[in-house]
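User: Please take a close look at one buried position in this model and describe its surroundings. I would also like the overall setting of the chain, so that the local picture can be placed within it.

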Amino acid sequence: MPIRVKVLGCRRLVLLFLFLWMLLEAQAGKIRYSVPEETDKGFFVGNLAKDLGLQPQEVAERGVRIVSRGRTQLFALNPRSGSLVTAGRIDREELCAQSLQCLVSFNVLVEDKMKLFPVEVEIIDINDNTPQFQLEEVEFKMNEITTPGTRIPLPSGQDLDVGMNSLQMYQLSSNPHFSLDVQQGPDGSQQPELVLQSPLDREKDAVHRLLLTAFDGGNPVRSGSLRIRVQVVDANDNPPAFTQAQYHTSVPENVPLGTRLLTVKATDPDEGANGEVTYLFHNIDHKVAQVFHLDSYTGEISNKEPLDFEEYTIYPMEIQAQDGSSLMARAKVLVKVLDINDNAPEVTITSVTTAVPENFPPGAIIALISVHDQDSGDNGHTTCSISGNLPFKLEKLDDNYYRLVTERTMDRELTSQYNITVTAADQGTPTLSTETHISLQVTDINDNSPVFLQDSYSTYIPENNPRGASIFSVTAHDADSNENARVTYSLVEDTIQGVPLSSFVSINSDTGVLYALRSFDYEQFRDLQLRVTASDSGDPPLSSNVSLDIFVLDQNDNTPEILYPALPTDVSTGVELAPRSAEPGYLVTKVVAVDRDSGQNAWLSYRLLKASEPGLFAVGLHTGEVRTARALLDRDALKQSLVVAVQDHGQPPLSATVTFTVAMADSIPDVLADLGSMEPSTNLDNSSLTLYLVVAVAAVSCVFLAFVILLLALRLWRWHRSRVLQASGGGLTGVPVSHFVGVDGVRAFLQTYSHEVSLTADSQQAPPNTDWRFSQAQRPGTSGSQNGDETGTWPNNQFDTEMLQAMILASASEAADGSSTLGGSAGTMGLSARYGPQFTLQHVPDYRQNVYIPGSNATLTNAAGKRDGKAPAGGNGNKKKSGKKEKK
């Protein structure tokens with residue numbers, strides 16, 4: 001009875017300790033439940049939703065789930081009620097062995113907030129195990145001289161239950177020689193001992209049979225029995241004795257099988273069989289007995305199965321030494337297992353995100369990672385990392401949890417997919433590690449505008465193109481994908497000469513090909529400037545613009561236009577005057593022509609197509625100047641008819657012709673005198689000759705009279721026409737002379753052409769100025785230095801060509817000036833057709849931009865006036881200078 005009271009006192013202390021421990025745990029802030037073992041699947045454990053502050057329907061919506069690193073899931077979450085229930089049958093003894101308190105810990109993850117809530121469930125023991133002894137029967141031999149009070153340790157019973165359900169007391173069957181005493185071990189266990197109460201008498205009772213019963217404290221009470229057989233033998237007064245009361249050893253868990261771990265030693269001073277000692281396990285757990293082997297004769301302990309630190313850190317066992325007379329001694333053996341790094345870290349990934357947009361903000365959670373290592377110490381201390389220069393980082397949470405988050409924004413155009421390698425490594429020697437891979441797809445957003453291949457484009461199209469012809473093609477690329485990269489093209493609205501751009505060109509919205517909607521005319525406009533817009537199909541759409549210059553190329557579609565000599569309105573030809581005393585090279589007149597085309601198509605050349613006296617006149621190939629090729633002979637006719645052809649250099653070339661008459665005489669009276677210089681013969685007998693002379697004089701008089709009348713009529717008609725043209729204000733009225741004259745060498749050219757001739761009916765012709773022809777410094781060209789050879793090539797640079805065009809126009813302007821005596825006197829035989837007022841600058845278009853420079857793509861522009869920075873002097877100054885020279 002005292003033994004039972006002692007056991008009950010210990011039980012109360014255990015319960016008090018358990019209660020205090022539970023109070024401390026409750027203050028730690030964890031969610032705690034308890035559930036009895038051996039319950040059926042689906043047994044209610046606790047209202048988890050309520051303890052998390054959630055409604056039952058929020059459990060599924062917010063992704064609440066259990067996260068556990070255990071191998072077996074013991075509990076489950078009811079998604080409808082939010083309750084925590086058992087996932088199957090729970091055996092407390094299998095789960096926690098004989099630990100006083102059996103706690104199952106796990107975490108509950110609220111996925112939308114990525115928060116972990118620790119939960120502990122205590123498994124309450126029920127009385128489902130009966131106290132048992134390892135053996136059904138034990139036998140002891142006691143010498144009959146054994147003194148009363150001798151104690152014989154008995155095998156302890158084992159009850160897998162804990163607390164009140166564990167083994168609580170022992171009871172020995174009644175016997176006058178023996179009693180039961182229960183000792184409290186250092187670990188709180190109860191050790192039954194058989195106490196000899198009175199001396200034995202082998203001759204009276206050679207064998208004593210006892211029954212030891214173990215009882216637990218459950219309801220109902222369970223019990224187990226051990227049969228004890230005590231055999232009384234003759235006297236053996238020395239039991240075996242161990243060299244140590246307790247043996248210790250430490251071995252690594254990877255020790256090979258069959259390794260000798262420890263040797264126990266016991267001695268007996270008796271002789272013979274009473275001194276022979278044998279060894280056996282005593283009071284040892286059956287699992288431990290399966291791991292170790294004890295040599296019964298040598299006391300050597302070896303392992304027959306692998307040691308596992310993760311299962312047992314210390315293997316306790318008790319060794320009994322017994323001599324031949326069954327006297328025995330016992331010793332404790334503790335085998336401590338040293339941990340080695342034989343377990344790699346275990347990595348568990350939950351809540352992984354497989355695809356994110358490229359504008360995912362920094363700090364966004366990609367995955368939740370759990371790392372656990374079953375080893376201990378440094379072998380179980382783990383670190384987690386990701387490899388490579390990736391836009392991610394790991395943030396450590398409690399309880400070996402990490403979360404993978406974005407560290408910076410991503411760019412799908414640079415990297416569309418990431419293969420993230422998560423490496424968990426321990427700190428053991430050697431280090432063990434585990435790699436886990438996460439594949440993350442980066443989805444596209446519309447963050448790239450279409451990009452053209454060039455900053456600007458230019459193309460060329462010949463004029464007179466067919467309608468609908470393809471002009472050019474632009475291409476833009478978008479670095480995005482799918483709809484965000486589908487590009488459409490359009491033209492920016494604009495007008496050209498007041499007409500919408502859309503009436504000139506169109507663009508294919510899908511291909512970017514531009515088409516001409518009309519036939520272009522180089523003489524109308526020479527280039528189109530437009531902007532093309534490329535837009536993607538994203539939301540919102542992004543776009544970019546590029547400029548495109550379309551240059552119209554000239555074609556030879558305009559015939560040269562002869563400005564001077566101007567043809568009369570009647571069927572007659574113009575008349576030019578040249579003195580009979582003119583030397584070779586005398587300037588008779590100048591053919592002035594222009595071409596509306598440009599470049600080579602406007603490069604004009606002149607040639608003498610037909611002449612009544614071949615070899616008398618020559619035409620400058622590039623200047624159009626008609627000059628005498630030789631001196632006039634007596635046999636040469638007074639009137640010469642010339643046909644000059646003007647031809648451009650286009651393909652095919654186009655040409656025009658002009659016909660005019662050159663009168664060879666110093667003055668009009670000289671012409672008449674020449675016609676009447678033949679006097680009648682004094683030979684009266686030659687009547688026929690006299691008759692011919694009379695007829696000839698009469699004919700000459702009639703012709704002269706008719707010619708004078710015609711000349712007056714023509715003069716009046718041209719005067720009337722010039723007044724009409726001045727009143728109508730030609731196409732170039734108001735254009736400054738600086739637009740046509742801008743070269744320093746023009747003055748020399750004007751001075752050459754501005755000679756004054758005063759012709760009257762009764763005056764003598766002044767002798768011609770022999771120095772009138774060009775000097776080397778006065779020839780057309782750059783600053784007067786260009787060689788004026790008629791057989792030379794076309795001017796070889798833009799500046800010289802521009803000078804030539806300006807000199808042509810300046811000479812025409814001077815001829816039209818009213819101060820010149822050549823256009824103002826009567827009786828000039830049609831000289832007004834050359835220098836008459838009808839030929840003025842306002843009737844001359846500006847064709848300098850059309851003049852082609854061989855060997856170059858350039859054409860003349862109004863660069864001269866821009867280069868000079870001021871309008872050059874007019875032609876009047878040159879005329880005054882020329883007049884002074886002639887008066888000398």
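Analyst: Twelve helices and 51 strands are found in the chain, and the model that shows them is a predicted one. Of the 888 residues in the chain, 43% are buried. The accessible surface of the chain amounts to about 45,200 Å², and carbon and sulfur atoms contribute 53% of that area. Among contacts in the chain with a separation of 6 or more, 68% link residues 24 or more positions apart.

Within this setting, the position chosen for the close look is Thr-213, a residue of strand 13, which covers residues 207–216. Thr-213 counts as buried because its relative accessibility is 12%, and the cut-off for that class is under 20%. Once neighbours within four places in sequence are left aside, Thr-213 is in contact with two groups of residues: Met-169, Tyr-170 and Gln-171, and also Ser-223, Gly-224 and Ser-225. With Ser-225 there is also a polar contact, made between the side chain of Thr-213 and the side chain of Ser-225 at 3.4 Å. Ser-225 therefore appears both in the list of contacts and as the polar partner of the Thr-213 side chain, at a separation within the 3.5 Å cut-off.

A surface feature may be set beside this buried position. Leu-691, Tyr-692 and Val-695 form a nonpolar patch on the surface, and together these residues have about 340 Å² of accessible area. Val-695, one of the patch residues, is located in helix 7, which runs over residues 687–728.

Definitions and conventions. Residues are numbered from 1 along each chain as its sequence is written. This is a predicted model: local features need pLDDT of at least 70, side-chain atom pairs count only at pLDDT 80 or more; totals for chains, interfaces and linings use all residues. Side-chain values use heavy atoms; hydrogens and water are left out. Patches are made of residues with over 30% relative accessible area and no salt bridge: like charges are joined within 9 Å, nonpolar side chains (Val, Leu, Ile, Met, Phe, Trp, Tyr) within 5 Å. Accessible areas come from the Shrake-Rupley method with a 1.4 Å probe; for residues, only the protein chains shown count as cover. A salt bridge is a side-chain nitrogen of Lys or Arg within 4 Å of a carboxyl oxygen of Asp or Glu. Helices (H or I, at least four residues) and strands (E, at least two) are DSSP runs, numbered from the N terminus. Buried means under 20% relative accessible area, exposed over 50%, partly exposed in between (1.4 Å probe, protein chains only). A polar contact is a pair of N or O atoms within 3.5 Å; within protein, one must be able to donate a hydrogen and the other to accept it, and residues adjacent in sequence count only if both atoms are side-chain atoms. Contact means heavy atoms within 4.5 Å.
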